[in-house]
Amino acid sequence: MAKVYKHYSSFPATEWRWPSFSPQEMASRGEGELMIDETAMDRLQALRNRLGKPLIVNSAYRSAAHNRRVKGATNSQHRLARAFDVRMDNHNPSAFERAARECGFTGFGHYPKSGFMHIDIGPARRWNDGGWFPAGGATPSFQPEPPAPTLKSEVLKPEVLTAGGTLLSGAAAVSQGSAPSTSRWRPSL
C-alpha cells in the first residue's frame with residue numbers, strides 16, 4: 001500500500017529514484033499532498049527514457065479535495081497515484097500512445113482540445129472526451145461526441161414509451177411520470 005505524505009517535501013529524498021521527475025510535480029495541486037505508486041512511476045520513467053524527451057505532467061496524484069475541485073471521477077486512477085495527464089506539445093499522440101503501451105500503460109484518455117493525454121495503469125480502456133473505444137488493435141480514428149440529449153430524444157426512448165407493456169405517446173409518458181426529468185426543457189417537440 002502506498003503511503004500518503006501530507007506534503008511532497010516530506011518524501012525522503014534518498015528514496016526518490018525517478019531522475020526525470022520531482023516529488024513536487026507528482027504532488028496534488030494546491031495543498032501539495034503526495035502519494036506514490038512505484039509501479040506507475042517506474043513505467044513513467046521508462047516512457048520518458050524510451051521517448052528521449054521531456055514529459056510535461058499536468059496532473060499526477062490527486063488528493064480527495066483536488067479531485068473534487070477538478071470534478072474528477074470518483075474512482076479516478078489519479079486518486080491512487082496510478083495516472084498521469086501528459087501534455088502533447090512536444091509529442092506525436094499516436095507515437096506517444098504506442099510507446100506508453102509498450103511501457104505497460106493500459107488506460108488512455110485523449111483530450112485534443114486541451115492538449116493532453118491521460119495515461120494510467122488501471123483497467124484496459126481508451127476514450128476521447130467521453131467516447132469509449134475498445135482496447136487493443138489498431139488505434140481507431142476519433143469520433144465526435146454524441147449530441148446532448150433533448151427532451152424529445154429522452155421521451156422517445158423505448159423504456160420511457162412503455163409503462164407496464166403499454167405504449168405511451170410522448171405527452172402521455174410525461175403526464176404519467178415515465179419521462180425523465182430534465183432541466184433542459186425545450187418546448188418544441
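## Strand 4 and its partners

Let's start with the pairing of strands 4 and 6. Strand 6 covers residues 116-120, and 5 bridges join it to strand 4 in an antiparallel arrangement. If you want a place to begin looking in this predicted model, try Ala83, whose bridge partner in strand 6 is Asp120.

Strand 4 also pairs with strand 3 (residues 57-59), again in the antiparallel sense, over 2 bridges. Here Asp85 of strand 4 stands opposite Ser59.

## How enclosed is strand 4?

Strand 4 spans residues 83-87, and 4 of its 5 residues are buried, so the strand is largely enclosed by the rest of the structure.

## A closer look at His78

Where does His78 sit? You will find His78 in the loop between helix 3 (64-69) and strand 4. Is His78 buried or exposed? Its relative accessible area is 2%, and because buried means under 20%, His78 counts as buried.

The surroundings of His78 draw on several parts of the chain listed here. Leaving aside residues up to four places away in sequence, His78 touches Ser59, Ala60, Tyr61 and Arg62, along with Ala83, Phe84, Asp85 and His118. One of these, Tyr61, is 17 residues from His78 in sequence, yet the two C-alpha atoms are 4.9 Å apart in space. Another, His118, is linked to His78 by a side-chain to side-chain polar contact of 3.3 Å.

## Bringing it together

The two topics meet in the contact list: His78 touches Ala83 and Asp85. Ala83 is the bridge partner of Asp120 in strand 6, while Asp85 faces Ser59, a residue that His78 also touches.

Definitions and conventions. Residues numbered from 1 in each chain as written. Predicted model: local features only at pLDDT ≥ 70, side-chain atom pairs only at ≥ 80, totals over all residues. Heavy atoms only, no water. Buried < 20%, exposed > 50% of the residue type's maximum accessible area, 1.4 Å probe, protein only. Helix = DSSP H or I, 4+ residues; strand = E, 2+ residues; numbered from the N terminus. Pairing = 2+ DSSP bridges. Contact = heavy atoms within 4.5 Å. Polar contact = N/O pair within 3.5 Å; in protein donor to acceptor, adjacent residues only side chain to side chain.
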